[in-house]
Amino acid sequence: MGCNGCNSSNVPNGCKNNGYCLTQRCNQKTTLDLLANIHDRSNKKNNKSVEVSFKNGRKSFYKSNNLDLKIGQKVVVEAENGFDIGMISLKGELVTIQMKLYKQKETNFKIIRVASEKDINVWLKFIKEEEKILLKSRSIIKTLKLNMKISDIEYQADGQKINFYYLANKRVDFRELIKILAKEFKSRIQMVQIGSRQESAKIGGIGDCGRELCCSTWIKDFRAVNISAARYQQLSINPEKLTGKCGKLKCCLNYELDSYLQELKKFPDFKLKLISDEGKWIFQKADIFSNKLYYYLDGNFNNQIELDLKIVNEVINSNKQGIKISISSILKTKKNQNQVEIHDKIDRFDNIQI
């Protein structure tokens, strides 16, 4: 999972593969390279760009500089002021597709060399200072009474730059904070704002489904989730059940939304009432993939019936022509048909216990 390329003799706690993961989670967000063994013969120029991963899921593209690189290998890369250390997370033809996906043009930054043990040891010294800097920066923010929260720290491998990842509900004037931090830690300071979803992805946790959070395992981009997604799927509008660990609507509400929207095209308008000899039937709920609709009699909520989609469409078409249909007679006919079908089955006695 990205730990085999480390030459360090030190063994980190919790890592069973004897290596240091830059993502602190065994790089589980690495894109699966489906084109690893496929080469585009029409492309005369071989793709010399590679994808390099850093802490907090940050990724960038660099020129390989004709180096023989392997996925999971630690490399020293060029930065704006100095150098940084990252891990090769993707190479080959899929890098071009990823660059188009992220709308990034070919970069001028290059990979300097494969990281040596000396490079990694220097980089690890800065990493050990991150927790102290995090606590110190939070105390400074508390003193300045700023309405923001420092979520994480990322040290550049050469120690020339520190990224501060923060959360804030409103715009914060942190010019004075940057001056204090730069004087305190003697490095360039860059403030990077993140959302509650990004913080939840960094912290991780277990979801209501019993599995690890999707945002901390495989989700790369966070798409907006609307409450209408729950309504389309006939879910109860309960904030406690629809809200994730981040305090926002669960990302999984979008997973099956397209399938529901496709199936809902077959259904009539739920606002339409079924007019029959018994009275008016009002829509209550629907089982989308079973093509079942549930109605109750107007004025009698306890009188609930289950109807197939075909029957509902027939009743609506009859109502448009001004014809009333007895739904109770339809249900009786359906019941008799089911009994006949059961009677005709050869295996109807198989489940009977003697």
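Select E263 to begin: with a relative accessibility of 18%, E263 counts as buried (buried is under 20% relative accessible area, exposed is over 50%, partly exposed is in between, with a 1.4 Å probe and protein chains only). The model is predicted, so local features need pLDDT of at least 70 and side-chain atom pairs count only at pLDDT 80 or more, while totals for chains, interfaces and linings use all residues. Residues are numbered from 1 along each chain as its sequence is written, and side-chain values use heavy atoms, with hydrogens and water left out.

**Stop 1: salt bridges**

Stay on E263 and add K266. Their side chains form a salt bridge, 3.3 Å from N to O (a side-chain nitrogen of Lys or Arg within 4 Å of a carboxyl oxygen of Asp or Glu). K266 is partly exposed, at 47% relative accessibility. The structure holds twelve salt bridges.

Next, select E51 and K59. They form another salt bridge, with the closest N and O atoms 3.8 Å apart. E51 is buried, at 1% relative accessible area. K59 is partly exposed, at 22%.

Now show D152 and K55. Their closest N and O atoms are 3.4 Å apart, in a salt bridge. This pair links distant parts of the chain, 97 residues apart. D152 sits in strand 6, and K55 in the loop between strand 1 (49-53) and strand 2 (59-63). Helices (H or I, at least four residues) and strands (E, at least two) are DSSP runs, numbered from the N terminus. Are D152 and K55 buried or exposed? Both are buried. Add E130: K55, E130 and D152 are linked in a network of salt bridges.

**Stop 2: the three-stranded sheet**

Follow D152 into its sheet. This is an open sheet of three strands, in the order 6-7-8, with mixed pairing. Strand 6 (149-155) and strand 8 (188-193) are the edge strands, each pairing on one side only. Neighbouring strands are turned by 25° against each other on average, direction ignored.

Strand 6 pairs with strand 7 (residues 161-167) in the antiparallel sense, over six bridges (two strands pair if DSSP finds at least two bridges between them). Pick K149: its bridge partner in strand 7 is L167.

Now display helix 3 (residues 175-185). Helix 3 packs on the sheet, touching strand 6, strand 7 and strand 8 (contact means heavy atoms within 4.5 Å). The direction of helix 3 makes about 135° with that of strand 8. Axes are lines fitted to C-alpha atoms, for helices over the stretch in contact, and angles run from 0 to 180 degrees between N-to-C directions. Then select helix 4 (residues 196-203). Helix 4 lies across strand 6 and strand 7, at about 60° to strand 6.

**Stop 3: two hairpins**

Go to strand 9 (residues 274-276) and strand 10 (residues 279-287). They run antiparallel, joined by three bridges. The hairpin between them passes through two residues. I275 stands opposite K280 in strand 10.

Continue to strand 11 (residues 292-297). Six bridges join strand 11 to strand 10, again antiparallel. D287 has K292 in strand 11 as its bridge partner. This hairpin has four residues between its strands, and N291 in the turn has a positive phi of about 55°.

**Stop 4: helix 8**

Finish at helix 8 (residues 309-320). Its end C-alpha atoms are 17 Å apart, which agrees with the 16 Å that twelve residues should span at 1.5 Å a residue (the expected span is 1.5 Å times one less than the number of residues). Which residues of helix 8 are buried? Select L309, I311, V312, V315, I316 and S318: these are buried. Just after helix 8, G322 takes a positive phi of about 80°.
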